[in-house]
Amino acid sequence: MAKILKIYPDNPQENLINEVIKTLNNGGLIIYPSDTVYALGCNIFDIKAMEKLAQIKKQKLEKAKFSIICNNLSHLSDFTRPIDTSVFRFLKSHLPGPYTFILEANKSLPLAYKNHKTIGIRVPDHPIPQLIVEKLGHPIASTSIKDDDEIIEYSTDPELIAEKYDHLVDIVIDSGYGDNMASTIVDLTSGEPEIIRQGKGEI
């Protein structure tokens, strides 16, 4: 059964954040709030956790396109090829924010992302995922819990989310009602922004 942790953005309790970190380090899955919808997350370097994440989304891991959640842009070089100054400035002017930016991947990606030519980077404008990544010491893998055919309440109400994912994840972070609009996906692989999916963020 999933454990519900009430962690609020204005005063995240350190002991509860530490419990989340311990769960991620032990291969557990979490549901966490962001500046868009609630999302599923796990340790990006734990292949078994990544496989569980793919199973929940009914996808094969090698074909899954899970975003990488960072707390700032300092991790970019760990996962992406060198980017132009103009692209970096563009990223800096929009992050943190409700965007997923597609960039060219380098060859140092974690095992679960092997052979991916591109990678989606997110820096949510929300203190809880930022704090989780900071305390964990590296980014987490992430995918939205929202599907287009789902009832909206299931992706915004933490109690309903916990009911639905009770036996699939280890922790649900209750941070109050979430948004029902996903991030805007922007492809930057050509150097010029191309909107793949219009979501909450405006470009």
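Start by selecting Asp179, which is partly exposed, with a relative accessible area of 24%. Keep in mind that what you have open is a predicted model.

**Stop 1: Asp179 and its partner**

Now add Lys200 to your selection. Lys200 forms a salt bridge with Asp179, and their closest N and O atoms are 3.0 Å apart. Asp179 sits in the loop between strand E8 (171–174) and E9, while Lys200 lies in the segment after strand E10 (194–197), so the pair ties together parts that are 21 residues apart in sequence. Lys200 is partly exposed as well, with a relative accessible area of 35%.

How many salt bridges does a search of the whole structure find? There are six. Let's visit two others.

**Stop 2: Lys135 and Glu14**

Select Lys135 and Glu14. These two form a salt bridge too, with the closest N and O atoms 2.8 Å apart. Zoom out a bit and colour by helix: Lys135 belongs to helix H5 (residues 127–136) and Glu14 to helix H1 (residues 14–25), so you are looking at a link between distant parts of the chain, 121 residues apart. Lys135 is partly exposed, at 35% relative accessible area.

**Stop 3: Arg122 and Asp35**

Next, pick Arg122 and Asp35. This salt bridge has its closest N and O atoms 2.9 Å apart. Arg122 is in strand E6, and Asp35 is in the loop between strand E2 (30–32) and E3; again the pair links distant parts of the chain, this time 87 residues apart. Are these two buried or exposed? Both Arg122 and Asp35 are buried.

**Stop 4: a charged residue without a salt bridge**

Go to strand E9 (residues 184–187) and click on Asp187. Asp187 is buried but has no salt bridge. Which side chain of opposite charge is nearest to Asp187? That would be Lys65, 9.0 Å away. A salt bridge needs the nitrogen and oxygen within 4 Å, so Lys65 doesn't qualify.

What Asp187 does have is a side-chain polar contact with the side chain of Thr189, at 2.6 Å. Show the surroundings as sticks and, leaving out residues up to four places away in sequence, you'll find Asp187 touching Ile102, Glu192, Pro193, Glu194 and Ile196.

**Stop 5: strand E7 and its neighbours**

Switch to cartoon view and select residues 140–144, which make up strand E7. Four of its five residues are buried, so the strand is largely enclosed by the rest of the structure.

Bring in E3: it pairs with E7 in the antiparallel sense over five bridges. To see one of them, select Leu40, whose bridge partner in E7 is Thr143. Then add strand E4 (residues 67–69), which runs antiparallel to E7 and is joined to it by three bridges. Here, try Ser67, whose bridge partner in E7 is Ser142.

**Stop 6: the nonpolar core**

Finally, select Ile31, Leu91, Tyr113 and Val169. The largest nonpolar core has 43 residues, and these four touch the most other members. Among the elements that each supply at least two residues of this core are strand E3 (39–43), helix H4 (85–94) and strand E5 (99–104). The largest share, five residues, comes from H2.

Stay on Tyr113 for a moment. Setting aside its neighbours within four places in sequence, Tyr113 is in contact with Ile44, Met50, Phe66, Ser67, Ile68, Ile119 and Ala141. You met Ser67 at the previous stop, as the bridge partner of Ser142. One last selection: apart from the largest core lies another, of 18 residues, including Leu5, Tyr32, Leu136 and Ile173.

Notes:
Residues numbered from 1 in each chain as written. Predicted model: local features only at pLDDT ≥ 70, side-chain atom pairs only at ≥ 80, totals over all residues. Heavy atoms only, no water. Core = buried A, V, L, I, M, F, W, Y, C linked by side-chain atoms within 4.5 Å. Buried < 20%, exposed > 50% of the residue type's maximum accessible area, 1.4 Å probe, protein only. Contact = heavy atoms within 4.5 Å. Pairing = 2+ DSSP bridges. Lys, Arg positive; Asp, Glu negative; His and termini not counted. Polar contact = N/O pair within 3.5 Å; in protein donor to acceptor, adjacent residues only side chain to side chain.
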